[in-house]
Amino acid sequence: DEWTEVRIPLSNFVASYFGRTLNQRPDPRSIGGIGFLLGDKQPGPFRLEIDWVKAETGFTPMETLTSK
């Protein structure tokens with residue numbers, strides 16, 4: 001198995017509250033959590049392994065992908 005490293009700019013995130021999208025961009029100082037949603041509506045087995053999550057600033061807004 002190989003891990004994928006994903007870098008996602010904050011501008012790609014969507015603020016939501018109880019599943020409803022908010023009409024504002026998230027303020028980095030107010031983010032208290034991060035969630036993952038599987039939205040393909042297909043029944044069946046699913047597995048997501050996360051080794052670490054890190055917030056950073058100053059990188060070029062590119063997404064770097066490598067997966068496990």
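Select Leu38 first. With a relative accessible area of 45%, Leu38 is partly exposed, because that value falls between the 20% and 50% limits used for the classes. Leu38 sits in the segment after strand 2. This is a predicted model, so each stop on the tour describes predicted coordinates.

Keep Leu38 on screen and add Leu48. The two are 10 residues apart in sequence, and their C-alpha atoms are 9.9 Å apart in space. Both belong to a nonpolar surface patch. To see the whole patch, add Ile34, Phe36, Phe46, Ile50 and Val53 to the selection. Together with Leu38 and Leu48, these residues have about 720 Å² of accessible area.

Now pick out Val53 from that patch. Val53 also lies in the segment after strand 2, the strand made of residues 20-21. Its relative accessible area is 55%, so Val53 is classed as exposed; the class begins over 50%.

Next, select Arg47 and Glu49. Their side chains form a salt bridge, with an N to O distance of 2.2 Å. The structure has one salt bridge, and this is the pair to label. How accessible is each partner, Arg47 and Glu49? Arg47 is exposed, at 64% relative accessibility. Glu49, at 35%, is partly exposed.

Move to Lys41, which is in the segment after strand 2. Check the backbone here: phi of Lys41 is near 55°, a positive value in a residue that is not glycine. Lys41 is exposed, and its relative accessible area is 78%.

Go back along the chain to Ser16, in strand 1 (residues 16-17). Ser16 is partly exposed, with a relative accessible area of 46%. Which residues does Ser16 touch, leaving out those up to four places away in sequence? Show Thr21 and Leu22; these are the contacts. For a distance check, add Pro26, which is 10 residues from Ser16 along the chain. The C-alpha atoms of Ser16 and Pro26 are separated by 9.0 Å.

Stay in this region and select Tyr17 and Phe18. The structure holds one aromatic pair. The ring centres of Tyr17 and Phe18 lie 4.6 Å apart and the ring planes stand at 90°, so the pair is edge-to-face. Tyr17 and Phe18 are both exposed.

Zoom out to the whole protein. Its secondary structure consists of two strands and zero helices. What share of the 68 residues is buried? The buried residues make up 4%. The protein exposes about 6800 Å², of which carbon and sulfur atoms supply 52%. Among contacts between residues at least 6 apart in sequence, 62% join residues at least 24 apart.

Finally, colour by pLDDT. The mean for the protein is 75, and 82% of its residues reach 70 or more. Select residues 61-68, where pLDDT stays under 50. The model has 22 contacts for this stretch beyond four places in sequence. Where pLDDT is low, predicted coordinates should not be read in detail.

Conventions: Residues numbered from 1 in each chain as written. Predicted model: local features only at pLDDT ≥ 70, side-chain atom pairs only at ≥ 80, totals over all residues. Heavy atoms only, no water. Patch = residues over 30% accessible without salt bridge, like charges linked within 9 Å, V, L, I, M, F, W, Y side chains within 5 Å. Areas by Shrake-Rupley, 256 points an atom, 1.4 Å probe, with all protein chains shown as cover. Salt bridge = Lys/Arg side-chain N within 4 Å of Asp/Glu carboxyl O. Helix = DSSP H or I, 4+ residues; strand = E, 2+ residues; numbered from the N terminus. Buried < 20%, exposed > 50% of the residue type's maximum accessible area, 1.4 Å probe, protein only. pLDDT = per-residue confidence, 0-100. Contact = heavy atoms within 4.5 Å. Phe/Tyr/Trp six-rings, centres within 6.5 Å; stacked < 30°, edge-to-face > 60°.
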